[in-house]
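User: I'm new to this structure and would like a close look at just one part of it. Could you walk me through the sheet and what sits around it?

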Amino acid sequence: MSATAIVSVEDYLRRTEKPYCEYIDGVLYPKAMATTLHALVQFMLQLLLRRQGVQAFGEVHVRLSLTKYLIPDVIAAPVIQGPYPTEPVLLCVEILSPEDRVGAMLAKCEEYHAWGVPYCWVIDPEKQTGWQYHSGNEPERIDRGGTLTAGALTVLLPDLFTDPRSSAFISGQNNS
């Protein structure tokens, strides 16, 4: 049996080391280490969302309650509150790392929905597929070549997985 150290909110908010940890009721939960593919998808997604006129940032801590801080891989909204949002954003996105499971990420989406976020996406870089999970609906699988939607925002999966500088990334050979 292992003991779990309780961390104050103040101590949590002062943490700077990686991997980043999410904070739930005084307990730290480390996020999975991102791969290069994860980072490329995160970068491309932010770029594609910004082109649609919204702010989009990666790995911003969001405060769902006084004792719960989660860290979506990407958040988007017309305006994002700083230093970390305490009011719901338009979209929260989780990008799967190799050890992540879709079910666990969809459960996080339910927490975002309970906070007031209307749209969530879960993206699988390895399979080049995704899930869109709109508040009040069931999660919907989006196959390779499909389009993720969040209100007026849309991202075509082929655009997300296309890096004009690298034919290896396009063909899926860059799986590091």
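Analyst: Here's a walk through the sheet, strand by strand, and then the helix beside it.

Keep in mind that this is a predicted model. Start with the overall layout: six strands make up an open sheet, running in the order E3-E6-E7-E8-E9-E10, with mixed pairing. At the edges you'll find E3 (55-58) and E10 (140-142), each of which pairs on one side only. On average, neighbouring strands here are turned by 20 degrees against each other, if you ignore direction.

What lies against this sheet? Helix H2 packs on it, touching E3, E6 (74-77), E7 (91-95) and E8. The direction of H2 makes about 165 degrees with that of E3. Quite a few H2 residues are buried, among them Leu37, Leu40, Val41, Met44, Leu45, Leu48 and Leu49. It isn't just those, though: His38, Gln42 and Gln46 are buried too. As for the helix itself, H2 covers residues 36-50, and at 1.5 Å a residue its 15 residues should span 21 Å. Its end C-alpha atoms are 21 Å apart, so the expected span and the model agree.

Now back to the strands, and to E8 and E9 in particular. As a bit of background, strands of a sheet pair through backbone hydrogen bonds, either parallel or antiparallel. E8 (residues 119-124) and E9 (residues 129-134) run antiparallel, joined by six bridges. You can pick out individual partners: Ile123 has Gly130 of E9 as its bridge partner, while Cys120 stands opposite Tyr133 in E9. Four residues lie between the two strands in this hairpin, where Gln128 takes a positive phi near 55 degrees.

How enclosed is E9? Five of its six residues are buried, so this strand is largely enclosed by the rest of the structure.

On its other pairing, E9 meets E10, again in the antiparallel sense, over three bridges. Here Gln132 has Glu140 in E10 as its bridge partner. The hairpin of E9 and E10 has five residues between the strands, and Gly136 in that hairpin takes a positive phi near 85 degrees. With E10 you've arrived at one of the edge strands.

One last stop is another helix, H3 (residues 102-115), which contains Gly103. Gly103 is partly exposed, with a relative accessible area of 49%. Although 19 residues separate Gly103 from Val122 in sequence, their C-alpha atoms are 9.8 Å apart in space.

Technical notes. Residues numbered from 1 in each chain as written. Predicted model: local features only at pLDDT ≥ 70, side-chain atom pairs only at ≥ 80, totals over all residues. Heavy atoms only, no water. Expected span 1.5 Å × (residues − 1). Buried < 20%, exposed > 50% of the residue type's maximum accessible area, 1.4 Å probe, protein only. Pairing = 2+ DSSP bridges. Axes fitted to C-alpha atoms, helices over the stretch in contact; angles between N-to-C directions. Contact = heavy atoms within 4.5 Å.
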